[in-house]
Amino acid sequence: MTRRILLVNGPNLNLLGTREPEIYGADTLADVERLTEQTAAQFGLEVRAVQSNHEGALIDAIHAAREDCAAIIINPGAFTHTSVALRDALAGVALPFAEVHLSNVHAREEFRHHSYLAPLAEFVISGAGVQGYELAVRRIATLLS
Ligand code: DQA
């Protein structure tokens with residue numbers, strides 16, 4: 001069985017570390033990817049990390065995961081609240097996935113309270129900062145074991 005997780009970070013998450021640090025913290029995207037990889041390695045899992053600001057590129061990466069990944073961790077950024085296409089891509093590949101948000105979206109503006117993806121997710125982690133990615137890997141490792 002494939003021992004690889006696709007890590008997907010959506011729009012604006014390339015700006016992590018400088019973008020609204022009071023909300024998203026000081027860690028960079030490279031820090032997030034390193035933490036995810038290091039945690040996964042503890043469970044004998046590999047990570048393929050993808051970040052894009054483009055919906056279609058995210059959908060292509062999700063489709064490709066069907067070939068060689070066992071699960072997906074996705075922070076869809078603002079596409080969480082807008083994208084039926086991303087939801088359909090995740091439904092289409094039928095891989096177990098975790099939805100992760102750095103901030104607690106439920107404590108923020110009303111438009112962030114709805115997620116098109118969450119009903120299909122194995123679980124959602126919101127508001128745990130970068131540690132949310134680590135927790136997601138741990139839970140996925142359990143689900144895959
Ligand atoms: C986010 C929350 C979203 O509402 C927002 O659009 C983001 C980041 C988070 O990680 O907290 O870009 O997904």
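Reader: What makes Asn-12 partly exposed, rather than buried or exposed?

Author: In this predicted model, Asn-12 has a relative accessibility of 35%. Buried means under 20% and exposed means over 50%, so 35% falls in between and Asn-12 counts as partly exposed. You'll find Asn-12 in the loop between β1 (4-9) and α1 (21-24).

Reader: And what is notable about the phi of Asn-12?

Author: Its phi is near 75°, a positive value, and Asn-12 is not a glycine. Most residues other than glycine have a negative phi.

Reader: Which class does Glu-20 get, buried, partly exposed or exposed, and why?

Author: Glu-20 comes out at 36% relative accessibility. Since partly exposed covers the range between under 20% and over 50%, Glu-20 is called partly exposed. Glu-20 also sits in the loop between β1 and α1, and its phi is positive too, near 35°.

Reader: Why is Ser-83 called buried?

Author: The relative accessible area of Ser-83 is just 1%. The cut-off for buried is under 20%, so Ser-83 qualifies. Ser-83 belongs to the loop between β3 (71-75) and α4 (84-93). Setting aside residues up to four places away in sequence, Ser-83 touches Glu-55, Tyr-116 and Leu-117.

Reader: How do you know that Ser-83 and Glu-55 make a polar contact?

Author: Their side chains are joined at 2.5 Å. A polar contact needs N or O atoms within 3.5 Å, with one able to donate a hydrogen and the other to accept it. The 2.5 Å pair is within that limit, so it counts.

Reader: What makes Asn-75 buried?

Author: Asn-75, in strand β3, has a relative accessible area of 3%. That is under 20%, so the label is buried. The side chain of Asn-75 reaches the backbone nitrogen of Gly-77 at 3.0 Å. Beyond its neighbours within four places in sequence, Asn-75 is in contact with several residues, among them Val-8, Leu-13, His-101 and Tyr-133.

Reader: How do you know that Phe-97 is buried?

Author: Same kind of check: Phe-97 shows 2% relative accessibility, and under 20% means buried, so Phe-97 is buried. Phe-97 lies in strand β4 (residues 97-101). Apart from neighbours within four places, its contacts include Ile-72, Ile-74, Leu-90 and Phe-123. Glu-20, by contrast, is 27 Å away from Phe-97, C-alpha to C-alpha, and 77 residues apart in sequence.

Reader: What is the order of helices and strands in the chain?

Author: From the N terminus on, the elements run β-α-α-β-α-β-α-β-β-α, which comes to five helices and five strands.

Reader: Why is the chain called as compact as a globular protein of its length?

Author: The radius of gyration is 14 Å, and the globule rule gives 15 Å for 145 residues. Those values are close, so the chain is as compact as a globular protein of that length. The C-alpha trace spans about 40 × 30 × 25 Å along its principal axes. Buried residues make up 46% of the 145 residues. And among contacts with a separation of 6 or more, 74% come from residues 24 or more positions apart.

Reader: What lines the largest pocket?

Author: There are 16 lining residues, with Arg-19, Tyr-24, Gly-77, Ala-78 and Arg-112 nearest the centre. By class, the lining has six nonpolar, seven polar and three charged residues. The space in the largest pocket is about 150 Å³.

How values were computed. Residues are numbered from 1 along each chain as its sequence is written. This is a predicted model: local features need pLDDT of at least 70, side-chain atom pairs count only at pLDDT 80 or more; totals for chains, interfaces and linings use all residues. Side-chain values use heavy atoms; hydrogens and water are left out. On a 1 Å grid over the protein atoms alone, a cavity is a set of points where a 1.4 Å probe fits but cannot get out, and a pocket is an open set with protein on both sides within 12 Å along at least five of seven lines; lining residues have an atom within 4 Å of a point. Grid points are joined across faces, edges and corners, and a volume is the space filled by probe spheres set on the points. Ala, Val, Leu, Ile, Met, Phe, Trp, Tyr, Cys and Pro count as nonpolar, Asp, Glu, Lys and Arg as charged, and the others, Gly among them, as polar. Helices (H or I, at least four residues) and strands (E, at least two) are DSSP runs, numbered from the N terminus. Buried means under 20% relative accessible area, exposed over 50%, partly exposed in between (1.4 Å probe, protein chains only). Contact means heavy atoms within 4.5 Å. The radius of gyration is taken over C-alpha atoms; the globule rule is 2.2 Å times the number of residues to the power 0.38.
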